[in-house]
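Trainee: Please take me through one part of this model slowly, starting from a single residue and working outward to what lies around that residue.

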Amino acid sequence: VNAERVNAKSLKSLGLQAADLVQFHWWSLTPDGSDRTFLQAGRELSSLKGNGKIKHLAGCNMDTTNLDLLVQDGMTIEANQVQYSLLDRRPEVKLLPYSRPRKIKLLVFGVVAGGLLSESFLGLSQTEARARADSVSRRMYWTSLQRWSQDWGLFQELLQVLREIGQEKTPPLPVAAVACAWTLQRLDTLGSGGALILGVRDDRHLQEHAALLQGEMSLNSEDMAAIQAVLDRGSPPQGDIWYQERGW
């Protein structure tokens with residue numbers, strides 16, 4: 001009843017007959033899936049979808065264990081919003097292999113790690129860069145960087161490799177665009193595809209974003225191998241998505 005009331009209020013505010021997409025997030029999950037109270041909420045959303053009030057359902061920061069519980073409970077999940085980037089490859093451990101045969105796409109944020117994966121941080125000392133981690137999100141992405149490697153020289157090498165790859169393209173691509181192209185290709189190669197959630201503050205990168213959307217930015221096998229060679233010198237991804245954030 002409460003789910004129906006909230007849905008009706010939302011549809012009225014939006015002027016819609018049905019919501020295009022509702023993403024389901026639940027904070028109080030357990031790593032082993034022993035607490036299953038969230039499944040009832042999932043059933044409410046499935047009921048609304050069955051009644052034509054929601055067109056598509058997705059997860060939001062759902063780890064693989066609890067995502068699978070939703071799927072087994074009958075919830076039709078078409079996507080899952082998670083963090084994924086060159087600095088945070090945790091989806092590769094469990095989630096992408098799980099999603100591929102089930103055709104669950106990933107909607108990924110943090111692709112350029114709050115700007116860490118850009119020319120803005122190339123050539124900076126670690127002290128200078130740390131001073132720029134001046135927001136909650138950037139501090140979160142800084143933690144992702146530290147989990148991969150605390151060797152600042154290695155991070156600078158990664159940025160330089162991304163820059164060199166971008167400069168070889170026609171037209172040349174900035175570091176951030178190369179990082180985005182890498183992520184999209186990994187989603188297709190390891191999973192069932194997906195999309196990037198990119199913050200847009202102005203029109204400076206609209207052409208790059210349009211090129212990504214139209215599939216005009218791609219990296220060849222040599223590009224991907226050069227990037228992987230640097231990544232392999234840091235720590236491999238460990239744990240499932242959102243484990244550290246949940247304190248697991």
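Mentor: Take T30 as the starting point: leaving aside its neighbours within four places in sequence, T30 is in contact with D35, N66 and W248. Bear in mind from the outset that this is a predicted model. T30 sits in the loop that leads from β1 to α2, the latter covering residues 38–50. Although T30 is a loop residue, it counts as buried because its relative accessibility is 18%, and the cut-off for buried is under 20%.

From that loop, the natural next step is the sheet to which β1 belongs. The sheet is open and has five strands in the order β1-β2-β3-β4-β5, paired in the parallel sense. Its edges are formed by β1, residues 19–24, and β5, residues 194–196, each of which pairs on one side only. Going from one strand to the next, the twist averages 25°. As background, the strands of a sheet pair through backbone hydrogen bonds, and the pairing can be parallel or antiparallel.

Starting at the β1 edge, five bridges hold β1 and β2 together in the parallel sense, and within this pairing L21 has H56 of β2 as its bridge partner. Because five of the seven residues of β2 are buried, this strand is largely enclosed by the rest of the structure. β2 is in turn paired with β3, again parallel, over three bridges, where G59 is matched with N80 of β3.

β3 spans residues 79–83, and five of its five residues are buried. Its two faces can be read separately: A79, Q81 and Q83 lie on one side, N80 and V82 lie on the other, and all of these residues are buried, so that both faces are covered. At the other end of the sheet, β4, residues 105–109, runs parallel to β5 and is joined to it by three bridges, with V108 standing opposite L196. Helix α8, made up of residues 175–190, lies across β4 and β5, and its direction makes an angle of about 165° with that of β5.

The loops that follow two of these strands deserve a careful look at their backbone geometry. As a general reference, most residues other than glycine have a negative phi, and most peptide bonds are trans. N61, in the loop between β2 (54–60) and α3 (64–72), has a phi near 55°, which is positive although the residue is not a glycine. N61 is counted as buried because its relative accessibility is 7%. A113 is another non-glycine residue with a positive phi, here about 50°, and its place is the loop between β4 and α5 (126–131). With a relative accessibility of 2%, A113 also counts as buried. A further backbone feature is the cis peptide bond from T170 to P171, whose omega is near -5°; P171 belongs to the loop between α7 (152–167) and α8.

Returning to β1, one can also follow the chain segments on either side of that strand, which bring us to a pocket. The second largest pocket has a volume of about 290 Å³. Its lining consists of 15 residues, and those closest to its centre are A3, V6, N7, V22 and L45. At least two lining residues come from each of α1 (2–14), β1 and α2, with α1 giving the most, namely six residues. Helix α1 also holds E4, which counts as partly exposed because its relative accessible area is 44%. The C-alpha atoms of E4 and E44 are 8.2 Å apart, while the two residues are 40 positions apart in sequence.

Finally, there is the nonpolar packing. The largest nonpolar core comprises 65 residues, and L87, L117, W148, F155, L158 and I227 are those with the most contacts inside it. L158 makes a useful example: not counting residues up to four places away in sequence, L158 touches L87, L117, W148, I227, V230 and L231.

Notes: Residues are numbered from 1 along each chain as its sequence is written. This is a predicted model: local features need pLDDT of at least 70, side-chain atom pairs count only at pLDDT 80 or more; totals for chains, interfaces and linings use all residues. Side-chain values use heavy atoms; hydrogens and water are left out. Two strands pair if DSSP finds at least two bridges between them. Helices (H or I, at least four residues) and strands (E, at least two) are DSSP runs, numbered from the N terminus. Axes are lines fitted to C-alpha atoms, for helices over the stretch in contact, and angles run from 0 to 180 degrees between N-to-C directions. Contact means heavy atoms within 4.5 Å. A nonpolar core is a set of buried Ala, Val, Leu, Ile, Met, Phe, Trp, Tyr and Cys residues joined through side-chain atoms within 4.5 Å. Buried means under 20% relative accessible area, exposed over 50%, partly exposed in between (1.4 Å probe, protein chains only). On a 1 Å grid over the protein atoms alone, a cavity is a set of points where a 1.4 Å probe fits but cannot get out, and a pocket is an open set with protein on both sides within 12 Å along at least five of seven lines; lining residues have an atom within 4 Å of a point. Grid points are joined across faces, edges and corners, and a volume is the space filled by probe spheres set on the points.
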